[in-house]
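Here is a friendly set of notes to read with the model open beside you. Take the points one at a time and find each residue as you go.

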Amino acid sequence: MALRLVPVLIVAAATLIVPAALRAQGAVAGRVSITERQGETTSDFSSTIVYLVPKDSARIRMRPTSATIAMSGRAFVPHVRVVTPGSRVTFPNQDPFSHNIFSSTPGAQFDLGLYPAGKSKDAPFRRPGAYPIYCNIHPRMTAFVVVAPSQWNAQAGNDGRWSIPDVPAGEYTLTIWHERAKTLEQPITVPTAGLADVAATLDARGYRFVEHKNKFGRDYDRNATRY
Ligand SMILES: [Cu+2]
């Protein structure tokens, strides 16, 4: 009889544990604001990336994803994408002329070469970081791929609001990235119900635009370039 009791007890314990674990996940949501230099206003909230890294790194379970950044109207659309390590980002050329996408940043160096309208190529992003992406033909084309070190990541909307679903309760570091601001990092405690209104302000007052080099590490030839 004692032997037959054991499996019954295990089933009872599992039944109790599973619903409790499911309940302990809520959304973490908030809104970012950006302090600008006098006379400037923020128009690019949707280029903000937010992610949560748990104190207990054993809880990080990242799967590679895929994302797309199109070349359209001599611009990268959208300007910023967030992925997890090991993901590939596809760059379809929707313009009626050629582009040459490259990244010179260690950790994600690639050169997709010149390719024409209607063609698409992709590139891998293996390590966490923020990687500027450029076109070797058009110096004003810039994009960023942010590789978040956790599955709990999100991109803000045009109004600066963001939401990360299914975040288990616990201790995290909240990171908020924007290309023009100093990256914000702060500890945050997530309760079982999640958090509805995390307010954070980035500081973009120190931002200075710096012209980047072409894929050969040299200045763009302004006379030869179509803007
Ligand atoms: Cu281009």
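**Notes on the backbone, sheets and core**

1. Let's begin in a loop. Arginine 74 sits in the loop that lies between strands β4 (70-71) and β5. This is a predicted model, so please read every value here as computed from it. Arginine 74 is not a glycine, yet its phi is positive, at about 60°. Is arginine 74 buried or exposed? The answer falls in between: arginine 74 counts as partly exposed because it has 15 C-beta neighbours inside 10 Å.

2. A little further along the chain there is another backbone feature to look for. Valine 77 and proline 78 are joined by a cis peptide bond, with omega at about 0°. Proline 78 itself belongs to the loop between β5 (76-77) and β6 (80-83).

3. Now compare a residue that sits in a strand. Aspartate 166 is part of strand β14, which covers residues 161-168. Its phi is also positive, near 55°, and aspartate 166 is a residue other than glycine. How many other C-beta atoms lie within 10 Å of aspartate 166? There are 12, so aspartate 166 is exposed.

4. Strand β14 leads us to a sheet. The order of this open sheet of three strands is β14-β1-β17, and its pairing is mixed. Which strands stand at the edges? They are β14 and β17; each has a single partner strand, so one side of each is left without a neighbour in the sheet. From one strand to the next, the twist averages 30°.

5. You can see where the mixed pairing comes from by following β1 on either side. Strand β1 (residues 25-35) runs antiparallel to β14, and six bridges join the two. For one bridge to find on screen, start at arginine 31, whose partner in β14 is arginine 161. With β17, in contrast, β1 pairs in the parallel sense, over seven bridges. Here you can look for isoleucine 34, which has leucine 202 as its bridge partner in β17.

6. There is also an open sheet of five strands, with the order β6-β12-β11-β8-β9 and mixed pairing. Its edges are β6 and β9 (110-115); each of these has a single partner strand, so one side of each has no neighbour in the sheet. The twist in this sheet averages 20° from one strand to the next. One pairing to trace is that of β8 (residues 99-103) with β9, which run antiparallel and are joined by four bridges. Phenylalanine 102 is one place to look, since its bridge partner in β9 is aspartate 111.

7. Next, the core. In soluble globular proteins, nonpolar side chains tend to be buried together. Here the largest nonpolar core has 46 residues, and the members that touch the most others are Ile49, Val50, Leu52, Ile133, Val145 and Val146. Strand β12 (residues 142-147) gives the largest share of this core, five residues. Both domain 1 (26-60 + 151-208) and domain 2 (63-148) supply at least three residues each to this core.

8. Which residues does valine 145 contact, leaving aside its neighbours within four places in sequence? They are Arg81, Val83, Val89, Phe125, Tyr131 and Ile133. Try selecting this group together on screen. Ile133 will be familiar: like Val145, it was listed among the core members that touch the most others.

9. Towards the end of the chain, find aspartate 219 in the segment after β17 (195-203). Aspartate 219 is exposed because 11 other C-beta atoms lie within 10 Å. Proline 139 is 80 residues away from aspartate 219 in sequence, while their C-alpha atoms are 9.3 Å apart in space.

10. Finally, step back to the whole chain. The 227 residues of the protein chain include one helix and 17 strands. Buried residues make up 26% of the chain. Among contacts between residues at least 6 apart in sequence, 63% join residues at least 24 apart.

How values were computed:
Residues are numbered from 1 along each chain as its sequence is written. This is a predicted model: local features need pLDDT of at least 70, side-chain atom pairs count only at pLDDT 80 or more; totals for chains, interfaces and linings use all residues. A nonpolar core is a set of buried Ala, Val, Leu, Ile, Met, Phe, Trp, Tyr and Cys residues joined through C-beta atoms within 7 Å. A residue is buried if 20 or more other C-beta atoms lie within 10 Å of its own, exposed if 12 or fewer, and partly exposed in between; C-beta atoms are placed from the backbone. Domain bounds come from an automatic or database domain assignment. Two residues are in contact if their C-beta atoms, placed from the backbone, lie within 7 Å. Two strands pair if DSSP finds at least two bridges between them. Axes are lines fitted to C-alpha atoms, for helices over the stretch in contact, and angles run from 0 to 180 degrees between N-to-C directions.
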